[in-house]
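Student: I would like to go through this structure with you. Could we begin with the terms and then turn to the fold?
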Amino acid sequence: MTPGARRVRDAAARLFYERGIHAVGVDLIAAEAGVTKKTLYDRFGAKDRIVVEYLADRDERWRAFLDDRLEAAPAEPAARILAVFDASRDWAGEHGGRGCSMINAHAEITDPAHPAYPVMVGQKAWMLGLFTRLAREIDPGRGEERGRTLMLLHEGALVTHGMGVFPDTLEHARRQAETLLAGWTGAR
């Protein structure tokens, strides 16, 4: 990616996250990135491509962030599950309090034919897969069900955090996950 394209993507990422995708036009992105609209279109072709690049970059950075946290966590599956909740809390603290960029984007982009749609849905499918794999290590027979429960708890926390429904939603979700995990591991 050229330096100009990177500036466009980074400016768009900040603007999309702060203001929403539909509220931000290419004129503003170009101005914030310090490039001409021609440069923007030469590098990306259309705003939809910038949206895809923004979401794909955010997903890639989240996965790397989470991988680091999972590698540092104790090897026990319950500890690794809680590390996901801790990572989400820390990510939100470092990268903005408007909630999950994938969920926010999905609120604006609901057409499965949109080129960004597979990025949003793919990220959530990946998270479900992660929770399911970790839950299977605790309870192989109920791993899918347990993974879905953890996913709902996690995603609900992200939504309520982004909306500011009540304080410390991500920490509250972590405590609830800890309670569930104690019951699941104690029942074995």
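Tutor: Let us start with burial: a residue is called buried when its relative accessible area is under 20%, exposed when that area is over 50%, and partly exposed in between. Please also keep in mind that this is a predicted model.

Student: Then take Gln123. Buried or exposed?
Tutor: Gln123 has a relative accessibility of 4%, and because buried means under 20%, Gln123 counts as buried. Gln123 belongs to helix α7.

Student: Which residues is Gln123 in contact with, leaving aside its neighbours within four places in sequence?
Tutor: On that basis, Gln123 is in contact with Asp59, Trp62, Arg63 and Met102.

Student: Let us step back to the whole chain. How many helices and strands are there?
Tutor: The chain has nine helices and zero strands. Read from the N terminus, the order of elements is therefore simply α-α-α-α-α-α-α-α-α.

Student: And what box do the C-alpha atoms fill?
Tutor: Along the principal axes, the box is roughly 60 × 30 × 30 Å. The chain has 188 residues, of which 44% count as buried.

Student: What about contacts between residues at least 6 apart in sequence?
Tutor: Among those contacts, 65% join residues at least 24 apart.

Student: Back to Met102, which came up with Gln123. Which residues of helix α6 are buried?
Tutor: In α6, which spans residues 101–108, the buried residues are Ser101, Met102 and Ala105. Viewed down the helix axis, these buried residues fall within an arc of 95 degrees, so they line one face of α6.

Student: Why would residues at such spacings point the same way?
Tutor: An α-helix has 3.6 residues a turn, so residues three or four places apart point the same way.

Student: What covers the buried residues of α6?
Tutor: The cover includes α1 (3–19), α4 (47–72) and α7 (117–138).

Student: Is Glu108, also in α6, buried or partly exposed?
Tutor: Glu108 has 25% relative accessibility and therefore counts as partly exposed. Not counting residues up to four places away in sequence, Glu108 touches Gly20, Ile21, His22 and Ala23.

Student: How far apart are Glu108 and Thr185?
Tutor: They are 77 residues apart in sequence, and their C-alpha atoms are 40 Å apart in space.

Student: Changing topic to helix packing: at what angle do the axes of α1 and α2 cross?
Tutor: The axes of α1 and α2 (residues 26–33) cross at roughly 125 degrees and come within 8 Å. That angle makes α1 oblique to α2. The crossing of α1 past α2 is right-handed.

Student: Which residues meet there?
Tutor: From α1 the participants are Arg7, Val8, Ala11, Ala12, Arg14, Leu15, Phe16 and Arg19, and from α2 they are Leu28, Ile29, Glu32 and Ala33. By class, this contact has eight nonpolar, no polar and four charged residues.

Student: And how do α5 and α7 cross?
Tutor: The axes of α5 (residues 77–95) and α7 cross at roughly 155 degrees and come within 8 Å. The two helices are therefore roughly antiparallel to each other. In this case the crossing is left-handed.

Student: Which residues make the contact of α5 with α7?
Tutor: Helix α5 contributes Pro77, Ala78, Arg80, Ile81, Val84 and Phe85, while α7 contributes Met127, Leu130, Phe131, Leu134, Ala135, Glu137 and Ile138. The classes here are eleven nonpolar, no polar and two charged residues.

Student: Ala135 appears in that list. What does Arg146 contact, leaving aside its neighbours within four places in sequence?
Tutor: Arg146 is in contact with Ala135, Asp139 and Trp184. Arg146 lies in helix α8, residues 143–163, and counts as buried at 10% relative accessibility. The C-alpha atoms of Arg146 and Thr132 are separated by 6.8 Å, with these positions 14 residues apart along the chain as the sequence offset.

Student: One last residue, Asp168. What is its phi?
Tutor: Asp168 has a positive phi of about 60 degrees although it is not a glycine. Asp168 is placed in the loop between α8 and α9 (169–186), and at 59% relative accessibility it counts as exposed.

How values were computed: Residues are numbered from 1 along each chain as its sequence is written. This is a predicted model: local features need pLDDT of at least 70, side-chain atom pairs count only at pLDDT 80 or more; totals for chains, interfaces and linings use all residues. Side-chain values use heavy atoms; hydrogens and water are left out. Buried means under 20% relative accessible area, exposed over 50%, partly exposed in between (1.4 Å probe, protein chains only). Helices (H or I, at least four residues) and strands (E, at least two) are DSSP runs, numbered from the N terminus. The arc is that of the directions from the helix axis to the C-beta atoms. Contact means heavy atoms within 4.5 Å. Axes are lines fitted to C-alpha atoms, for helices over the stretch in contact, and angles run from 0 to 180 degrees between N-to-C directions. Angles under 35 degrees count as roughly parallel, over 145 as roughly antiparallel, 65 to 115 as roughly perpendicular and the rest as oblique. A crossing is left-handed if the near helix is turned anticlockwise from the far one by less than a right angle, and right-handed if clockwise. Ala, Val, Leu, Ile, Met, Phe, Trp, Tyr, Cys and Pro count as nonpolar, Asp, Glu, Lys and Arg as charged, and the others, Gly among them, as polar.
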